[in-house]
Amino acid sequence: MTPADTAPAGGPGGLRSRHAWQHLGGDMGTFNRLHLIRQVDLFTLRLFLSAIEERQIGRAAIRENIAASTATKRIQVLEDIAGIQLLERGPKGVVPSPAGAVLARYVRQIFDSLEDMRSEIASFTEGVRGDLTIASARTLLVPFLAREIGEYSREYPLVNLAVHDVENADIVQQVAHGQADIGVFAAAYELDLDGVDVTPYRRDRLVAVVRQDHWLSDQLSVTFRDLLPEKLIAVNSMLGAFRAAARRLEQDFEPGYTVRSASVAISLVRAGLGVTVQPECLVSQETAPGVAMVQLDEPWAVRKIHIATPHGRTPGPAARAFLSQLLDRPSDDRGAPSHS
């Protein structure tokens, strides 16, 4: 068998593409094409792309709704099969190695072909029809749901889709009163769940966010007691949790600033006006330069995210399809939180 027989088709310049594929495995003896086909699933390849795009395996795990440990293991297995390092690890996250960049290019071609296939097959069937209204907060829409909603709209183009961006406390009420078919919300102190059925969706962590030159930035972890003497910037939706945590410490809590969004709170931290607590998925070097994340060592720092549906009502076909998409995950990670 010649190298041309084992080189993948496609790409500009057959000779250049063939040499690039050889570079993926170092040499053709370390890269087994059949082993790749038989052992690596599409989800692992998508996870690999997500790690490159997010620049962190942990964030890729959040994005793909699996445990961080499972994500790390899957990428390690992929590298073992390739016979070469695909991601270069550093203090700021991961970037593709030269071989990883080659693999990423071919994997994107695979997913582009799958999207073309989906479009062509969809033309042979009418598919799911109906209306679907989703209610969620911006802190969940941006990191979790925007991508899911985009994929859903492509998969079910005949569904009339509406998205309500509302405060976390209002999500459950919209579902209970019939204003939304599905609500995705973060569990919060004293949140009234009457009128809805609740399904666990995923988990995220709250972290302390401080300026990079703040004395707390060098700590491995901090407690809420450590943050209380600082000027704590609170987002409205977290005020109840902060006050409850302060009461458990038998202390009073008054925020230094109260704001409506995480982005404003982080901007105030960057300006040196205090510290804040935010979901880890909303903080990155790209979106929040000049700040540092410190692990929050509190039981309530695990943010539980749930799906709400109207109590006692069977969801329609459009809602069932979206619920199935949200709750779908690889069989080796069912029941595990997406991030722990």
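The protein comprises 13 helices and 12 strands in what is a predicted model. Of its 340 residues, 44% count as buried. Contacts between residues far apart in sequence feature prominently in the tally: among contacts with a separation of 6 or more, 71% link residues 24 or more positions apart. Towards the outside, the protein exposes about 17,500 Å², and carbon and sulfur atoms supply 51% of that area.

A good place to begin a closer look is strand S11, which spans residues 291-296. Strand S6, covering residues 196-211, pairs with S11 in the antiparallel sense, and 5 bridges connect the two. Within this part of the model, Arg211 stands opposite Val291 of S11. Strand S11 also pairs with strand S7, made up of residues 221-222; here the strands run parallel and are joined by 2 bridges. Val222 is found opposite Leu296 of S11.

Attention now turns to Thr276, a residue of strand S10, which runs over residues 275-279. Thr276 counts as buried because its relative accessibility is 0%, and the cut-off for that class is under 20%. Which residues does Thr276 touch, leaving aside those up to four places away in sequence? The set consists of Val207, Ala208, Val209, Leu232, Ile233, Ala265 and Val269. Of these, Val207, Ala208 and Val209 fall within the residue range 196-211 of strand S6, the strand that pairs with S11. Ile233 also takes part through its backbone: the backbone oxygen of Ile233 lies 2.8 Å from a polar atom of the Thr276 side chain. Thr276 thus combines a buried position with a polar atom of its side chain placed 2.8 Å from that backbone oxygen.

Definitions and conventions: Residues are numbered from 1 along each chain as its sequence is written. This is a predicted model: local features need pLDDT of at least 70, side-chain atom pairs count only at pLDDT 80 or more; totals for chains, interfaces and linings use all residues. Side-chain values use heavy atoms; hydrogens and water are left out. Two strands pair if DSSP finds at least two bridges between them. Helices (H or I, at least four residues) and strands (E, at least two) are DSSP runs, numbered from the N terminus. Buried means under 20% relative accessible area, exposed over 50%, partly exposed in between (1.4 Å probe, protein chains only). A polar contact is a pair of N or O atoms within 3.5 Å; within protein, one must be able to donate a hydrogen and the other to accept it, and residues adjacent in sequence count only if both atoms are side-chain atoms. Contact means heavy atoms within 4.5 Å. Accessible areas come from the Shrake-Rupley method with a 1.4 Å probe; for residues, only the protein chains shown count as cover.
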